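Work through the exercises below with the sequence and the model at hand. Try each task before reading its solution.

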There are 2 protein chains.
Amino acid sequence: MSFHRAPFPVLRRYLTLAASRPRGGVCAIIPGPRTFRALINHFGGARPALAALPDLARRGGGSAAPQICSREAAAREIEAAEELGVAFVAIGESDYPQRLQMIDDAPPLLAIRGRRESLQMPAVAVVGSRNASAAGIKLTQMIARDLSEAGFAVASGLARGIDAAAHRASLGNGTIAVLAGGQDRIYPPEHTDLLDEILPAGCALSEMPLGWEPRARDFPRRNRLISGLALGVVIVEAAKRSGSLITARLAAEQGREVFAVPGSPLDPRAEGTNGLIKQGATPVTEAADIIAVLQPILGIAEPAHEIEPDDGARTADGAPEADERAHIVALLSPTPVSLDDLVRLSNSSPRIVRLVLLELELAGRLQRHGGGLVSLL
Amino acid sequence: MSFHRAPFPVLRRYLTLAASRPRGGVCAIIPGPRTFRALINHFGGARPALAALPDLARRGGGSAAPQICSREAAAREIEAAEELGVAFVAIGESDYPQRLQMIDDAPPLLAIRGRRESLQMPAVAVVGSRNASAAGIKLTQMIARDLSEAGFAVASGLARGIDAAAHRASLGNGTIAVLAGGQDRIYPPEHTDLLDEILPAGCALSEMPLGWEPRARDFPRRNRLISGLALGVVIVEAAKRSGSLITARLAAEQGREVFAVPGSPLDPRAEGTNGLIKQGATPVTEAADIIAVLQPILGIAEPAHEIEPDDGARTADGAPEADERAHIVALLSPTPVSLDDLVRLSNSSPRIVRLVLLELELAGRLQRHGGGLVSLL
């Protein structure tokens, strides 16, 4: 069974909602998108995964059983979402943004408000510093407007400065605001009006549950969605070590085009973009530079993110023997290693290794990195 | 006999001086550096080339014999040069700048003033707009100073704006001013004082004869020397279609590194440099960016410019038959063609084809282009 083709009954959404809404002490053991996919792949569906979760976490050595969102709580969230005009779209469903689906850590469930069709347009992310200069704002307007008129949806983060200018210049043809918090927790609050202007032709998108107040660390996490949605990311102004550079890095990792607007070396707001250009980002002075790069790849379907089908029976039983588990755990350290290496070194089957990793993760003892690497916490 | 190893007696300098100083109606038939090389290669020295010149031009169909600088006039120029502290250095001599010698159209003779040793330093050209901004001047100072302190000679064109700032910031360790006119015709005149400050540690260099007032078209011609002297060319500020972009193009053709300082797309003085970066120039915000690229190639000798030895006897006789000449001429048109193609299509020997081309050139009927291409005027 391929994960992408899995049906998404409401129970799977419960699992997702549970996964996205950690509470109290179990925060560390809540599975992220990769774990979610591993669970679904291993158990063949949300219901058996949910059922197996407490036992898995216990076997992995966790002290507390993971707290799972109740059916009632999930139903309440779905109801509240409907009142707000928010629809949940799960990965694998036709409304799920196609390119976003291909990233390594695509969110299992998106909360979407507005005109969902705008997510089917080819998108370009336009981001930059909150503390933007007048010149930066002007350039953003020119670039976002021209991209929008050329048929691209402009994606950004609804932040002050460059982000807001990018949205404002592309309201008419569809612009996508990617939120770091829940759909009812707009940040910054003064951009609620801007969001209202975005929704008629565009949409707002979040992977976080309703009621989620965005924390500082949710913004970099959110940035992977901005780049993941898009064919390419344009950085207009960015100081050194700014959030926009995180988006650029994520975009590069995701195989997205990275564009940067050059600026004077004497302008600190151009340090980040000039640095990106030095590293190989495409320099951009007008939208035509972006369109020239993206037009040729517009029609090309991305390779589907590879899902390794589990070998053997996809059941909750077939748990590893204690010594097999101990052997695999002994191979792990704080240094990230690949699943392939673990399989080779342990002489266990990939299915067993994955299961042990799942157990460890649910017990809060494992960290997953990009590229299929894992390390012990 | 290889051209590079040819001795350079004073007569060869006469030939050069003659070649560099067209007078009146013979302006069009004066050989340039490539013709000079072809003449020397064909006849084995300046004296036989000089002797053959009138006959060659006549056979090529020229109406007037090329006027040749007299021995007396050349002696007068050499004397005047000595009074001004100018030394003539011919290609192939040890004082001739090594990298400049390798370009396709290296001047046969350079007039040099100042500290000639500065021409043996690794050089970086720093050029840009005359109408420079304060930011451009400041950046130029920073970059030129740091390059100078890192042991590079800064080469530039003594122009207003970026050029002057580049020279001023590198006076102490040797900076090279490349002139478009003769050594006694400094342009702009108000930079005579700057030149005086350059000479103690650096030098001024010209391929033009004394007394030569620089014309508009001498500046682009001069620009090939600025880039040819250097390992790389840094363009600091440049509007569209500016002279600095010509230098950048020549640098690229000569296999030199091209560096450009980025600027805001809203700044017209950054249009040229941003355009260069889009075309692949290395973006530069500080001297370290340049040094990082040049350091690895510092010790590497450039491949010597290939001189094709003439086949057969290197004598003034062995002239082509009239129908052979007519056949070669018939193959020529205003569309540039290569020597190889002419040899192949004419069934004549390369030596004969070269000789016919020389005749045509001396008769003012041939134009030589880069890459060994020629066309009929």
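Accessible areas come from the Shrake-Rupley method with a 1.4 Å probe. The structure shown is a predicted model.

**Exercise 1.** Describe chain A as a whole: its surface, its buried share, its elements and its contacts.

Solution.
- Step 1. Begin with the surface: chain A exposes about 15,400 Å², and carbon and sulfur atoms supply 51% of this area.
- Step 2. Turn to burial, where a residue counts as buried under 20% relative accessible area. By that cut-off, 57% of the 377 residues of chain A are buried.
- Step 3. List the elements: chain A contains 15 helices and 12 strands.
- Step 4. Take the contacts in chain A between residues at least 6 apart in sequence; 74% of them join residues at least 24 apart.

**Exercise 2.** Find the residues with the most contacts inside the largest nonpolar core, and list what the one in chain A touches.

Solution.
- Step 1. Nonpolar side chains tend to be buried together in soluble globular proteins.
- Step 2. Here the largest nonpolar core has 65 residues, and I176(A) and I176(B) have the most contacts inside it.
- Step 3. Leave out residues up to four places away in sequence. I176(A) then touches S118(A), L119(A), A123(A), A153(A), V154(A), A155(A), S156(A), H167(A), C203(A) and L229(A).

**Exercise 3.** Is T273(A) buried or exposed, and which backbone oxygens lie close to polar atoms of its side chain?

Solution.
- Step 1. Locate the residue: T273(A) belongs to helix 11 of chain A, which covers residues 271–278.
- Step 2. T273(A) counts as buried because its relative accessibility is 0%.
- Step 3. A polar atom of the T273(A) side chain lies 2.9 Å from the backbone oxygen of V261(A). For the backbone oxygen of A270(A), the distance to a polar atom of that side chain is 3.1 Å.
- Step 4. Beyond four places in sequence, the contacts of T273(A) include V261(A) again, along with I235(A), V236(A), E237(A), A238(A) and A260(A).

**Exercise 4.** Work out which strands stand at the edges of the sheet 10-12-11 in chain B, and what lies across it.

Solution.
- Step 1. Read the order: this open sheet of three strands runs 10-12-11, with antiparallel pairing.
- Step 2. Strand 10 (337–338) and strand 11 (366–368) of chain B each have a single partner strand, so they stand at the edges and one side of each lacks a neighbour in the sheet.
- Step 3. Strand 11 of chain B pairs with strand 12 (residues 373–376) over three bridges. In one bridge, Q367(B) is partnered by S375(B) of strand 12.
- Step 4. Helix 15 (residues 350–362) of chain B lies across strand 11 and strand 12, at about 110° to strand 11.

Conventions. Residues numbered from 1 in each chain as written. Chains lettered and ligands numbered in written order. Predicted model: local features only at pLDDT ≥ 70, side-chain atom pairs only at ≥ 80, totals over all residues. Heavy atoms only, no water. Helix = DSSP H or I, 4+ residues; strand = E, 2+ residues; numbered from the N terminus. Buried < 20%, exposed > 50% of the residue type's maximum accessible area, 1.4 Å probe, protein only. Polar contact = N/O pair within 3.5 Å; in protein donor to acceptor, adjacent residues only side chain to side chain. Contact = heavy atoms within 4.5 Å. Core = buried A, V, L, I, M, F, W, Y, C linked by side-chain atoms within 4.5 Å. Pairing = 2+ DSSP bridges. Axes fitted to C-alpha atoms, helices over the stretch in contact; angles between N-to-C directions.
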